[in-house]
Every structure is written in structure tokens, then in C-alpha cells.
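Let's take a walk through a protein together, one stop at a time. Have a look at the picture below, and then read on.

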Amino acid sequence: MNTVLTTVAVPFPAFRTEAEGPTSVVDKLDGILDRLGDPKGKPFEDAATALRGCGIHFLSIVAVPPEAGKTRAHLVIEVTADAPLKGVLTRVATAIPAPLREVIEAAGVPIDGPLECFLERHECSVNLQLFAGTAGLHFSGTPGMRRDRIKLEADLAAKIQEVLGNLPAPPDSALSRLYKVRGEIFKDPYLKWAFVSERMPLRGAYRTVPWIELLPIFFRDFAWIWVPLPILTMIIGWSLRGFLWAFTCTLLVVFWEAFAAGLIIWFGYWRLRKQEKEDLPVDEEPSEPLMREVLARENRPEYAQNHLAGVSTLKGKWFRYVTLRIGLWLIAESGPRGSPPGFIDKIGNIHSARWLQLPGTQQLLFLSNYGGNWQGYLEDFIARLRDGLSSVWSNTLNFPRTTLLTQGGAEDGARFKRWARRQQIPTRFWFSAHPTLTTDAIRRNAEIRHGFASATNEEQAAKWLSLFGFAARDTLESREIPTLAFGGMKNMLHAQALMLSFAAREKAMKWLRDIEPRLTYGESTPEKKALLVGLTAPGLAKLGVGPDALATFPVAFQQGMSAVGRARALHDEPDKWTWGKRPEDTDAILLVYGKTEGELKDALTEENKALDDAGIKSRPIRLDPLTDPVKEPFGFRDGISQPIMRGSKRWSRTATDSIHTVEPGELVLGYPDNFLNIAPTPQAHGRDVGRNSTYLVVREFEQHVTKLDDYLKARAKEYHTKPGVPGDTEADVKDWLHAKMVGRWKDGTSLIRHPDKPGRLPPEEALRRSAAAASTPEPATPDPATEPPPAPASASAPATAPAPSPRPALALAPGPIKDTVNPDNAFLYGREDPDGLRCPLGAHIRRANPRDSLEPGSQVQIKLSNRHRVMRVGRNLPKQSNGNAGLLFMCVNADIERQFEFLQQAWLHGSTFHGLDESDPLLGRGSQTKVPLTMTIPTPHGPLRMDGLESFVTVKGGAYFFLPGRTAISVLAWGPAGRPLNPSTPEDGARRGYA
């Protein structure tokens, strides 16, 4: 059953006679419609109840004022309903007879006979052909979707959301989850219909409509008037003189018709251009009283939709009559052919709309029921269908200046929106049968019902679950992911970083194309050398990524690390940096790795030559070779505690209930995160460049080793004799204080297991202590099965969609905490050291990864903490002559703001972390903060306060980089078309599914 749109236009005299006074009938009707259309009033509630039961989707009544200088106005009743067409007006007349009679009689129009017959007599049937019916166009955004089906499928979607939220635990697979939902739904006898799949009328695809396809349709609708005369000539000539004479005469007729058609086209072009050149743009704002009336009825809180009514006046008569129909025809024929059902181009928020030339007038009426707000609605059309809008409305007065009907016009967005507001009529009576559903929600609910009844395999079930915001745990496409996302490549002992500044765009793109085959992806690093490239926002712009595409990247990345507000929050002083003071100073980073020093030199020689050939300036940053074990400049073993990406090789070697396991979406874009949501991914050249890509944070540190050493010596001398301080010598106390500041001993053993002196536990003993801690009764914490996770930042689900119900987040398995890689890293601060007696609450590594410290024993807190983890992949800088050393800190994360910036602001620099009025004991708060820094070390004999702390680390430069995956680098290097794929190669074969 199709959705039909019908419009009734009842003409009436606009003003009363002089004897009764000059009161406007339109004003009187507006007052009546206001009273009847009040959504909180009883007349409207009664009418809405009646209309819901008779297949009506939308119904509006507006009083259209007369044209300038005319006295005849129109009462327009717009209906969107389920077919059949002939019965729609009868249903309307039967459902709300009293309101309809009241407004019609108030207009002074007698109703002779049954009300439905009166409405049918004034029904306007639109037609696009030249000499048939009323000029107009109808569009339905939910074709084939009955009113009762929309309601039932919305109820089913809400019920399934509830069932999913109440499942006791995530099943092993998407299909098993679907079977559980089916089992629960089957228990409800009123939902048995949901197990029968129904035709999906809203499915389709986009395509380009060739003009040749429209020619026969244009001939059918407009050029048929040229056919009768040649046929008649042929018939008469053959009957009188024979075939040859008839054929000759017919050719002459066709020739003169073609000549006449050419003259008409030339005259039409001349007339159109003459009128368009005489048009003057009108810059008037809509009147304040009109806007007050219109805005009072827009964006009502109980509706996720709006109604638009506007009336404009055609510029002329017969000529604009023709051009108007041609414009409407172009939209009607090209739009549906190139778009899925219910869409015009990629605009899919219209429930129903119509253009209509009111009979006997020069007035063009536009009515629309649409989802969202007026500004967004107009902006979509300006961006995507401005030519179509101009082809119709350029035929009306005061429209922004156009050329050849389509060029300009609505493209002048500011003038077009002012013009559209000036044409608007307040909608005083408007009924919506499903006020909380947008077209997106209706389509999604139909897909939910279809998938619920028809999904039979894991892939289909996963796709069905994605309609609720779930996503299947995709197998990592490791060969597509930059190697750095899996760790710091410790087998590559030598490395150097090059900060790049691009010159010409084409040279930069050519350089990127040249190095593309040499870039390193996947978990396994090459045997000899590796190469990775990251790009800043200015660098992407220089590669041709436009402003609209850059806007799809996170704001933090767009602004850069040195942006004023961001630098202040990070306690940075970019004006003192040696590089990265301005985001535009650095376009890219090139990381070159070699297994040996010679292999690094060879790689650098090759890459520097390529950079010179491309005219790219580079600033090298030398990095120290890795040692075994790896130690950071203050002398502590580094890289012990890193997040473990689910699905990676490291994860497969680690117990699956490790507290360090994170979902792939925490480190790589395009995958589910810890709450099973997939964040929006950035675009470039109209393609997704986010999947398998990530973000790289780079900061150059100078670590004041001598200053810290002097400070610790002074404090060790002071605290050596204090009770609760272990150690026989000042050197022992110094090491103890240093460990308390960092949170570990220098050899990497934990303070949790070794609070007084370093030393390694046998793995069995470490696991035994972990098991004992895990068996401790867990405090009452929010249950992840009943507490909804926070909505992802990309969620722009309209208010009309079924509200997301609580659903279970991933939970750690109960029982002993295990880590087969490093058992001495499987501790929980909150359970094992809630008071900080072993590892101080403000220690560096406890701040950097609090685990359950902020809510002891809570698995939800562990999950929340893991939402802020980063993969650290930095390298040491060479030692300086003054004894200081440095670190090129680098970390990989999928969300710069939620991960790196949150970690820096809220935990490391946060003075309220754990309720402490302190900052990180090593990083401090930068030289801008003059507040004295302290650190509290709890001991059994009372707290030990370390006063006079300074910032022992100075930031010398930094930037945010986009680390593109294999497909993304191809798009950026080769432009919108991308590099042609060669399926015979493993890399391209892996990309075929989503490149």
C-alpha cells in the first residue's frame, strides 16, 4: 500500500464587505485554526485521536493570503495518508467533521451536500505535463510504509532495546545474542507478527542518471505536441497522392517544425535571460511579527518534526508557467531515479512535501513535513540541491538572482534563507501521527524488523545488532594498521624522527606516493628497517584535503597542541618551544627505524634524498639507541605497563581477563571501543580515511636529571632519620623517595608487591597474591548490565529514534587477575593498596593509569580507566652536556581529547586527583603556575610531605599527527580515485572489501 498526498484548496473572499467592517477573513481563520491547533487543547486532542485511527500520517490546515491586489484567498488542507486516494478525504471528513465545517463556514463558503463531496470538488490533482492538471509535485519520504506498520515497528524496536539491555551477559556471538532476543520476543503473543519478514520499500542505491535516460520521458511529457501534424500529413498525403508525395510533405512539415522549435527555444532563452538580468535581489529581512508567529510554532518540544508552509508569486503567466513545469519535471524525474526510495540526492529527512500552483492564481505553494530544524533543512538543500530549488523558485518574485533558472539563486544561501522566511505562513493547525519519529528512525525500525525475522548467519546478525549501536568484534585488519599502533618496535634499536614542512602540493603528494610502498604496517616489523609517516592538520590541508573534510577530524587535531586553550590546559608554554610553536610550522613527521646503525643510515640517506627531490624541508631529531632493558632518562625501566589490544598477537599470548586489555577502538579508528561503540571516522576526498588509522601525539621533553638528583639527595638527608622511612643509608632513602615519586622501583618491580625495596617475586607467588586480591569481597559498584555507558561523541541519533536503552558493557571475567607476560603488573591499586601506603596516591604511574584506584574493586572503574590509556612508543634523546637528558614522548590513541589530553589535564596535572591538592611530582604544573608543589607519601607513622618540588620536565615542542592506515595513505597520496588496486598482492587483496 502506497502513501498518498492530496491537497484541498478552497477559495474564499479575503475581506468582508464595508458594512461589516474591514476585518480580514484570513485573520479570523487564523484565530480559529490557532484555537483548534493548540496541541494542549481539547479540540486538538480529540481531532488527533480520531485521525490516528484512520491511516493519516500528517494533516495541516493553513489560510493562504491573497496575491497583491487580489481579494481571493485560499483555505488549504494538506493530507498525507495511506492509499487508496479516493478514500482519504472521506476518512478525513469522517474523523474531524466539526473542525473542518467550522473553518470552512468561517471563510464564508457554503457546504452544499456531504462534507467529503465538498472536499473532493476542491481537491487539486497535480500534473507535470504542459497542458494537463495543476502544476505541482508530490514527494513521499516513506513510500509504502503504512501508518500502523510504522507504529508497530517502533514498538518492536523499543521492546528489543529493552530485551538487549536486560540480557544477563554478552553471548559468545552476535547470532547467539539474536537467538536470545528472539526467544524473549516469542514469549509475547502480541509480537508474533515480528517473525514474518515484510517487503522493504525503503531500500535502494545512489546512481548518476544519464541525460539520455530522460529524453524519452521529456518527449512524452512535453514534445508530444509536435507529433500529430507529421502523422496527419503522412496519412492525408498517402491517401491523396501516394507514398512518395506524402513522405516529401512530411519531411517539409518536420523541417518547419524543427525550425519553429528552434525559434521557440531561442526566444525562450532570450526572454529568460532578459528577465533574469532585470531581476534585482531583495535583501529585506522577514518582518518581526511574521517571525514571531512562525517561530512560536517551530521546534515544539513534543515533536521531532516540523511543518513548513510558504507561498510565493510567479513572475509572469504563460512563460513562467512553462519554465515552472520544466523545473518541477527535472526534480520529479531525476531525483527518484538517482536516489533510494524516500531520498532526494542524499537528503532523507523529508516525510512528505509538495509544490502546488493554487488554481486560478499566480501563487506557488510549498508544504513540507520534515525532521529536524528549519536551518538544517534549508542548509541541506543549499548544499546538495540548490540547482533544483532554483529551477522552481527562480520563477517567483524577489528570489535571489539566477542564471538560466538553476545557476546562482539558492546558492546565495543568506539571501535564499531570508527569501524563504519572507514567504512563510505560520502553520496553525498541524497533526503528526508519529511525532517522535524521524524518517531515519522509521527506516531503522523497518531494518530492525526485517533483520529480526530474516537474519540467519553471524554476519547478518552483527549487521542487525549494529542498528542498536552494537558492533561485532571485528577481526583486526592488522596488515592495514600502522605498526606503531601495536607498540614501540623494540627490535628496531635505532631510530630518527624528521619534522617536515611541505612545499608545493603536487610535489608533496608525489613524495607520499613514492614512499607509500616503503611504509610499515602490521604487527610484525621488517627485518632491517621501518618507516612511518604522520600528518598534521595543516599538512593534510597542503595535500588538498578541503575544509569540509578537515572538519570531520576531531577539533583537538584541527587546532593542534599549541592552540591557546589547549596549551593552557596542558600547562604548556609554546612560545618557549624550539619547534611546534604554531601548528602550521610542522606538516608531517617521518619516523625512520633501523635494526642496526648502518641500516638506519642507509634508510636516512634514501629518505633525505626523496625529501630533497620533493622540496620538503626537514628538521631531524636524533634518538638514542634502545638498550636492554629499556630505561627512560631518570633511570627507570620503561614500557612495562601498556594497553593490550584485543585481537592482536600480544593479546592472544596474554590471559583474556587481563586488566590491561582494551578493545581495538581505543587505539585504532573504525573498531568498537570499550563500550562497543564505533566512533565517527574522518573523511577525505569523499572517502573514509579513518578506518585502521590512528592519532600520534609527539612531545619533546628535557628531563632535568641533575636537578632531580640534587633534590632527592637533600630530601634523603632530611628524612633519613624519620620514622617510617626504610633504608640503612641516605642512598637507600634516596632510591625509596625516587620510587615513591614514580610509583615503581628503577628495575621495574612494583611498589604494590615490594613496598620497601626492589626485588622480583617468583611468578607463582605473584599470581597467588593477585588471586588473593581478586577474592576480596567487592564493594557495591554500579552494575554495567544496568548502568548505560556514556553516549559516543559521534552519536547524533535524532530525538525521534528509539531511545538507546541500557545494554551490558564488556566486563572483566571474575576470578584471579592474570598476566602471563608480567605477573608483577597484574595488581589493582584500589584492592591492594587503597590508602597509598605502598604506592602513593599521587605517584606518577598511579596518576597515569589509576586502574581501580578511584573506586576500589570496581570493574566499571577499570574499564573507565582503560578508556584513557595510550600506547607509549617514545624514544630517549641524547644526553646533554649539562647532564640533562630528554625524551621524544610519542603515544598512539584513537581520541586525543579523551585519552592523551584527559590523562594530562585530569590525572597528571589535576590538582583534584584522588582529592589531593597536588600535581604530578615529576611534571609539576609548568613555570606559569606559582603555587608551591608538594607530594604526600603515606607511611604507617603518618604522612611524609615532600615540599619544594619543581617541574623536573620541560616541554620543548610538540604536535598532533594523523597516522594513516594503508588505505588512508593511498587516498591522501593519490586523491579521490585512490591507487588502482592489484588484487594479486596481499596488501591490495586485503583492501578490496573496504577501499
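## A guided walk through the model

Arg443, at 9% relative accessibility, counts as buried. Keep in mind as you explore that this is a predicted model. What does the side chain of Arg443 meet in a salt bridge? Its partner is Asp440, with 3.3 Å from N to O. Asp440 is partly exposed, because its relative accessible area of 40% falls between the limit of 20% for buried and the limit of 50% for exposed. Both residues belong to helix H16 (residues 439-454), where a spacing of 3 residues means that about one helical turn separates Asp440 from Arg443.

Now zoom out for a moment. The protein has 995 residues, and 54% of them count as buried. Its secondary structure comes to 33 helices and 26 strands. How do the parts of the chain touch one another? Among contacts between residues at least 6 apart in sequence, 74% join residues at least 24 apart.

Let's return to salt bridges, since a search of the whole structure finds 55 of them. One of these joins the side chains of Arg146 and Glu198, at 2.9 Å from N to O. This pair links distant parts of the chain, 52 residues apart: Arg146 sits in the loop between strand E5 (136-140) and helix H6 (147-166), while Glu198 sits in the loop between helix H7 (174-186) and helix H8 (211-221). Are these two residues buried, partly exposed or exposed? Arg146 counts as partly exposed at 22% relative accessibility, and Glu198 counts as partly exposed at 22% too. The pair also belongs to a network of salt bridges that links Arg146, Asp148, Arg149, Glu153, Glu198 and Arg449.

For another salt bridge, find Glu293 and Arg297, where the closest N and O atoms are 3.0 Å apart. Glu293 counts as partly exposed, at 31% relative accessibility, whereas Arg297 is buried, with a relative accessible area of 16%.

Next, look for a sheet. Here 4 strands form an open sheet with antiparallel pairing, and their order is E5-E7-E8-E6. Which strands lie at the edges? They are E5 and strand E6 (305-313), each of which pairs on one side only. Neighbouring strands of this sheet are turned by 5 degrees against each other on average, direction ignored. You can follow one pairing in detail: E6 and strand E8 (residues 363-371) run antiparallel and are joined by 9 bridges. Leu308, for example, stands opposite Ser368 in E8.

Our walk now turns to aromatic rings. A pair of aromatic rings is described by the distance of the centres and the angle of the planes. The structure holds 36 aromatic pairs. In one of them, Phe44 and Phe429 are arranged edge-to-face, with 5.7 Å from centre to centre and 65 degrees between the planes. Phe44 lies in helix H2 (residues 42-52) and Phe429 in strand E11 (residues 429-432), so this pair ties together parts that are 385 residues apart in sequence. Phe44 is buried, with a relative accessible area of 6%, and Phe429 counts as buried at 2% relative accessibility.

Then there is the pair of Phe399 and Phe416, which is edge-to-face because the planes stand at 75 degrees, with the ring centres 5.9 Å apart. Distant parts of the chain are linked here as well, 17 residues apart: Phe399 is in the loop between helix H14 (386-393) and strand E9 (402-403), and Phe416 is in helix H15 (residues 413-423). Both Phe399 and Phe416 are buried. Look around them and you will find one aromatic cluster, formed by Trp355, Phe366, Trp393, Phe399, Phe416 and Trp419.

Our last stop is Ser641, in the loop between strand E15 (617-622) and strand E16 (644-645). Why does Ser641 count as buried? Its relative accessibility is 14%, and buried means under 20%. Which residues is Ser641 in contact with, leaving aside its neighbours within four places in sequence? They are His660, Arg744, Asn825, Asn849, Arg851, Arg869 and Arg872. With Arg851, the side chain of Ser641 makes a polar contact of 3.4 Å.

Conventions: Residues are numbered from 1 along each chain as its sequence is written. This is a predicted model: local features need pLDDT of at least 70, side-chain atom pairs count only at pLDDT 80 or more; totals for chains, interfaces and linings use all residues. Side-chain values use heavy atoms; hydrogens and water are left out. Helices (H or I, at least four residues) and strands (E, at least two) are DSSP runs, numbered from the N terminus. Buried means under 20% relative accessible area, exposed over 50%, partly exposed in between (1.4 Å probe, protein chains only). A polar contact is a pair of N or O atoms within 3.5 Å; within protein, one must be able to donate a hydrogen and the other to accept it, and residues adjacent in sequence count only if both atoms are side-chain atoms. Contact means heavy atoms within 4.5 Å. A salt bridge is a side-chain nitrogen of Lys or Arg within 4 Å of a carboxyl oxygen of Asp or Glu. Two strands pair if DSSP finds at least two bridges between them. Axes are lines fitted to C-alpha atoms, for helices over the stretch in contact, and angles run from 0 to 180 degrees between N-to-C directions. Rings of Phe, Tyr and Trp (its six-membered ring) pair if their centres lie within 6.5 Å; planes under 30 degrees apart count as stacked, over 60 as edge-to-face and the rest as tilted.
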